[in-house]
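Work through the exercises below with the model open. Try each task before you read its solution.

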Amino acid sequence: MEMLRRFEITRRKLIMTLAAVLVSTGAMWSAWPAQAQQDPLPSWNNGPVKQAIHNFVAATSQEGSPDFVPPADRIAAFDQDGTLWVEHPMYSQVIFYLDRVPALVAAKPELKEVEPFKTVLTGDRDAIAKRWRSWKRSLKPH
């Protein structure tokens, strides 16, 4: 109470200020869900992909729908920074790697006969996948 007297704050002013803060904060929070419901994907362009996501969420979250998934059974997998990564048919890093190998070998022809470049240059996806699995195993700490 000494601090309140020192700054000339009465109990009434303090209560009125706290009430105003609570009311304004409550108004802000109550308006937030209403905005989110207008467009849950505001940064996405309108198009078939966005519509497919809306349709999927509607079908799986509406009770009575043949595709309904109970909340306890719903799962989302987040990677790295909390985003849903593209993982199928393969990681985007692998696609980048496969794209860059020919350019790298063109700049350094001596790599043409060196693994993993040699396998990647064949274009044989099965051989690349087999090599990829062995490379991944070799990178893991033992």
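Contact means heavy atoms within 4.5 Å. The model is predicted.

**Exercise 1. The chain as a whole**

Task: Find how many helices and strands the chain has, and what share of its contacts is long in sequence.

Solution. Begin with the secondary structure: there are six helices and zero strands. In sequence order the pattern reads α-α-α-α-α-α. Next, take the contacts with a separation of 6 or more: 8% of them join residues 24 or more positions apart. Last, turn to burial. Of the 142 residues in the chain, 12% are buried.

**Exercise 2. Helix α4**

Task: Test whether the span of helix α4 agrees with its number of residues, then locate its bend and its buried residues.

Solution. Step one is the length. Helix α4 covers residues 92-107, which is 16 residues. At 1.5 Å a residue it should span 22 Å. Its end C-alpha atoms lie 23 Å apart, so the two values agree.

Step two is the axis. α4 bends by about 30° at R100. A proline, P102, follows within four residues.

Step three is burial. V94, L98, V101 and V105 are the buried residues to mark in α4. An α-helix has 3.6 residues a turn, so residues three or four places apart point the same way.

Step four is L104, also in helix α4. L104 has 35% relative accessibility; buried means under 20% and exposed over 50%, so L104 is partly exposed. Beyond its neighbours within four places in sequence, L104 contacts L111 and F117. L104 and F117 are 13 residues apart in sequence, and their C-alpha atoms are 9.0 Å apart.

**Exercise 3. A peptide bond after α4**

Task: Classify the peptide bond between E115 and P116 as cis or trans, and place P116.

Solution. Start from the general case: most peptide bonds are trans. Now read omega for E115 and P116: about 5°. That bond is cis. P116 sits in the loop between α4 and α5 (117-122).

**Exercise 4. Three residues of helix α3**

Task: Decide whether K50, I53 and T60 are buried, partly exposed or exposed, and list what each touches.

Solution. Take K50 first. K50 belongs to helix α3 (residues 48-61). Its relative accessibility is 5%, so K50 is buried. Leaving out residues up to four places away in sequence, K50 touches D39, L41, W44 and N45.

Go on to I53, in helix α3. At 30% relative accessibility, I53 is partly exposed. With residues up to four places away again left out, I53 touches L41 and W44. I53 and L41 are 12 residues apart in sequence and 9.4 Å apart from C-alpha to C-alpha.

Finish with T60, in helix α3. T60 has a relative accessible area of 13%, so T60 is buried. Apart from its neighbours within four places in sequence, T60 contacts D67, F68, V69 and R74.

**Exercise 5. The second largest pocket**

Task: Give the volume of the second largest pocket, name its lining residues and sort them by type.

Solution. The pocket holds about 230 Å³ of space. F56, V57, T60, S61, V69, R74 and I75 line the second largest pocket. The lining sorts into four nonpolar, two polar and one charged residue. Now link back to T60: among its contacts are V69 and R74, and both appear in this lining.

Conventions: Residues are numbered from 1 along each chain as its sequence is written. This is a predicted model: local features need pLDDT of at least 70, side-chain atom pairs count only at pLDDT 80 or more; totals for chains, interfaces and linings use all residues. Side-chain values use heavy atoms; hydrogens and water are left out. Helices (H or I, at least four residues) and strands (E, at least two) are DSSP runs, numbered from the N terminus. The expected span of a helix is 1.5 Å times one less than its number of residues. The bend at a residue is the angle between axes fitted to the seven residues ending there and the seven starting there. Buried means under 20% relative accessible area, exposed over 50%, partly exposed in between (1.4 Å probe, protein chains only). On a 1 Å grid over the protein atoms alone, a cavity is a set of points where a 1.4 Å probe fits but cannot get out, and a pocket is an open set with protein on both sides within 12 Å along at least five of seven lines; lining residues have an atom within 4 Å of a point. Grid points are joined across faces, edges and corners, and a volume is the space filled by probe spheres set on the points. Ala, Val, Leu, Ile, Met, Phe, Trp, Tyr, Cys and Pro count as nonpolar, Asp, Glu, Lys and Arg as charged, and the others, Gly among them, as polar.
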